[in-house]
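This report introduces a protein structure to a reader who has not met it before. It considers enclosed spaces and the packing of helices in turn.

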Amino acid sequence: MKKIVVLGSNGQLGNCIRKIAPDFEHDYEFIFTDSDILDITNEDQINDFFYNNKPEFCINASAYTAVDLAEKEEEKAFSINAEGVGVLAQACSDFKTILIHVSTDYVFDGETNLCYSEDDFTNPQGVYGRSKLKGEDLALERNSETIILRTSWLYSEFNNNFVKTMLHLFSQKDELGIVADQFGQPTNANDLAETIMNIVESPNKKFGIYHFSNYPETTWFDFAKKIADFTNSSIKLKSLTSEEYPTAAKRPKRSTMCLDKIEETYQIELKHWENSLEECIEILST
């Protein structure tokens, strides 16, 4: 039976993979780990783990994701998102393990009116994006059998995310300001988990960088508005500009990603973000 190790299993994506794992346990043995068990910045620990387990697949869902805090904790962000990924990729290469690594739309600067393809010029605007881009480079450099999945605006019923934050704030406030001039694609982490397992099961893997999200693009304001609609909230939403809502890290204005490559290569059925959001809201409402 083939082994799949999932790093970052206590995060959003890790929990979503854990949720669907029973559907695949007739073919795969899952090993779920998190940083308290397996630290990707610890080379000896990683090598010992791979030597003892020899997984066929490694899904790296672990990351430093505190976008604003990263501006103050650059060394920590790069340690986890870059150097740690390099260590992991080298172990995957040494033990002939396929690496599926999750990255971000923040590798782009957002200064375009078009969607970004996988080959477009990267120009991250903050420490988080730079650290994730460096991790991509190290992964591809050290392990030829690497698949990188750039995703965006991830949410789910697990952990902290924009959807759950909005639901909490809706219950606490009468009015809320939301940025309306940043464009991107909300992504239900459950859809990303299913896509990853589709790739794992694919008989003809093509390695490299892919974009995956729900579609089409929207703004944070319209995303929040749809959350309010689905929950029948009476919250009054006010649209803000990025200048009116300053953050420590600069966000890309439009980080919309082209999705045709993964759709065509792995026959992935893409989902409208509103449909995926409604499914998440239903789960959170039960």
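## The second largest cavity

In this predicted model, the second largest cavity has a volume of about 40 Å³. Its lining consists of Asp105, Tyr106, Trp153, Gln182, Phe183, Trp220, Arg251, Pro252 and Ser255. By class, this lining comprises 5 nonpolar, 2 polar and 2 charged residues.

## The largest cavity

A search of the whole structure yields 2 cavities of 30 Å³ or more. The largest cavity has a volume of about 50 Å³. The residues that line the largest cavity are Val67, Glu71, Tyr106, Gln125, Gly126, Tyr128, Gly129, Ala249, Lys250 and Pro252. They divide into 5 nonpolar, 3 polar and 2 charged residues.

Tyr106 and Pro252 appear in the lining of the largest cavity and also in that of the second largest cavity. Lys250 lines the largest cavity, while Arg251 lines the second largest cavity.

## Helix 7 and helix 9

Two packed helices are described by the angle between their axes and the distance between the axes. For helix 7, residues 220–230, and helix 9, residues 273–285, the axes come within 10 Å and cross at roughly 45°. This angle makes helix 7 oblique to helix 9. The crossing of the two helices is right-handed.

On the side of helix 7, the contact involves Asp222, Phe223, Lys226, Ile227 and Phe230; these meet Trp273, Glu274, Leu277, Glu278 and Ile281 in helix 9. The residues of this contact comprise 6 nonpolar and 4 charged residues, with no polar ones. Trp220, one of the residues lining the second largest cavity, lies at the start of the residue range of helix 7.

## Helix 2 and helix 3

A further pair is formed by helix 2, residues 43–53, and helix 3, residues 74–94, whose axes come within 10 Å and cross at roughly 30°. Angles under 35 degrees count as roughly parallel, and helix 2 and helix 3 are therefore roughly parallel to each other. Their crossing is right-handed.

Which residues of helix 2 and helix 3 meet? Glu43, Ile46, Asn47 and Phe50 belong to helix 2, and their partners in helix 3 are Val87, Leu88, Ala91 and Cys92. By class, the contact of helix 2 with helix 3 has 6 nonpolar, 1 polar and 1 charged residues.

Technical notes. Residues are numbered from 1 along each chain as its sequence is written. This is a predicted model: local features need pLDDT of at least 70, side-chain atom pairs count only at pLDDT 80 or more; totals for chains, interfaces and linings use all residues. Side-chain values use heavy atoms; hydrogens and water are left out. Axes are lines fitted to C-alpha atoms, for helices over the stretch in contact, and angles run from 0 to 180 degrees between N-to-C directions. Helices (H or I, at least four residues) and strands (E, at least two) are DSSP runs, numbered from the N terminus. Angles under 35 degrees count as roughly parallel, over 145 as roughly antiparallel, 65 to 115 as roughly perpendicular and the rest as oblique. A crossing is left-handed if the near helix is turned anticlockwise from the far one by less than a right angle, and right-handed if clockwise. Contact means heavy atoms within 4.5 Å. Ala, Val, Leu, Ile, Met, Phe, Trp, Tyr, Cys and Pro count as nonpolar, Asp, Glu, Lys and Arg as charged, and the others, Gly among them, as polar. On a 1 Å grid over the protein atoms alone, a cavity is a set of points where a 1.4 Å probe fits but cannot get out, and a pocket is an open set with protein on both sides within 12 Å along at least five of seven lines; lining residues have an atom within 4 Å of a point. Grid points are joined across faces, edges and corners, and a volume is the space filled by probe spheres set on the points.
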